Amino acid sequence: TEGVAEAMHWLREDIDGVIYMLDATLDPFQQVNIMMVGIIESRDLPVIIVANKIDLPDASPGRIKSAFPQHPVIPISGLEGTNVDDLYEKMIEFFG
């Protein structure tokens with residue numbers, strides 16, 4: 001809860017967009033994720049959702065895509081660098 005409160009504090013008016021990173025091995029339907037995406041949407045901020053840890057066998061970026069179909073979801077492996085270029089391209093597209 002403390003981390004969520006801190007994250008909400010940083011969503012000030014001078015923010016142009018949000019990159020919201022989720023662990024692709026965990027359930028994306030957790031209340032904190034739903035609440036954070038809702039707060040981001042309520043401020044009309046563009047958001048890119050990153051599904052990290054796709055290098056792990058139990059990763060399921062599809063679950064994240066189904067949880068947030070209204071936003072682009074980029075599956076990456078931060079450890080291996082997989083699809084990081086795709087994330088950069090989406091960032092340029094969304095945030096200029």
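Hi everyone. Let me begin with a term: a salt bridge here is a side-chain nitrogen of Lys or Arg within 4 Å of a carboxyl oxygen of Asp or Glu. Keep that in mind while we walk through this structure, which is a predicted model.

Let's start with the sheet. Three strands make up an open sheet, ordered β1-β2-β3, and their pairing is parallel. At the edges sit β1 and β3 (73–75), each of which pairs on one side only. From one strand to the next, the twist averages 25 degrees. If you look at β1 and β2, six bridges join them. One place to look is Val-18, whose bridge partner in β2 is Val-47.

Now for the helices on this sheet. Helix α2 (residues 31–42) packs on the sheet and touches β1 and β2. The direction of α2 makes about 170 degrees with that of β1. Helix α4, meanwhile, lies across β1, β2 and β3, and runs at about 170 degrees to β2.

Let's stay with α4 for a moment. This helix has 12 residues and reaches 16 Å from its first C-alpha to its last, close to the 16 Å expected at 1.5 Å a residue. Which residues of α4 are buried? They are Val-84, Leu-87 and Lys-90. These three cover an arc of only 115 degrees around the axis, so they sit on the same side of α4. The buried residues of α4 pack against β2 and β3. Turn to the face pointing away from that buried side, and you meet the exposed residues Asp-85, Glu-89, Ile-92 and Glu-93. Just after α4 comes Gly-96, with a positive phi near 80 degrees.

Back to our opening term. How many salt bridges does the structure hold? There are two.

One of them is in α4: Lys-90 pairs with Glu-93, with the closest N and O atoms 3.4 Å apart. These residues are three apart in helix α4 (residues 84–95), so about one helical turn separates them. In general, an α-helix has 3.6 residues a turn, so residues three or four places apart point the same way. Even so, Lys-90 is buried, whereas Glu-93 is exposed, with a relative accessible area of 56%.

The other salt bridge joins Asp-23 and Lys-53, with the closest N and O atoms 3.1 Å apart. Asp-23 is in strand β1 (residues 18–23) and Lys-53 is in the loop between β2 (47–52) and α3 (61–67), so this pair ties together parts that are 30 residues apart in sequence. Lys-53 counts as partly exposed, at 34% relative accessibility.

Thanks for listening!

Key. Residues are numbered from 1 along each chain as its sequence is written. This is a predicted model: local features need pLDDT of at least 70, side-chain atom pairs count only at pLDDT 80 or more; totals for chains, interfaces and linings use all residues. Side-chain values use heavy atoms; hydrogens and water are left out. Helices (H or I, at least four residues) and strands (E, at least two) are DSSP runs, numbered from the N terminus. Buried means under 20% relative accessible area, exposed over 50%, partly exposed in between (1.4 Å probe, protein chains only). Two strands pair if DSSP finds at least two bridges between them. Axes are lines fitted to C-alpha atoms, for helices over the stretch in contact, and angles run from 0 to 180 degrees between N-to-C directions. Contact means heavy atoms within 4.5 Å. The expected span of a helix is 1.5 Å times one less than its number of residues. The arc is that of the directions from the helix axis to the C-beta atoms.
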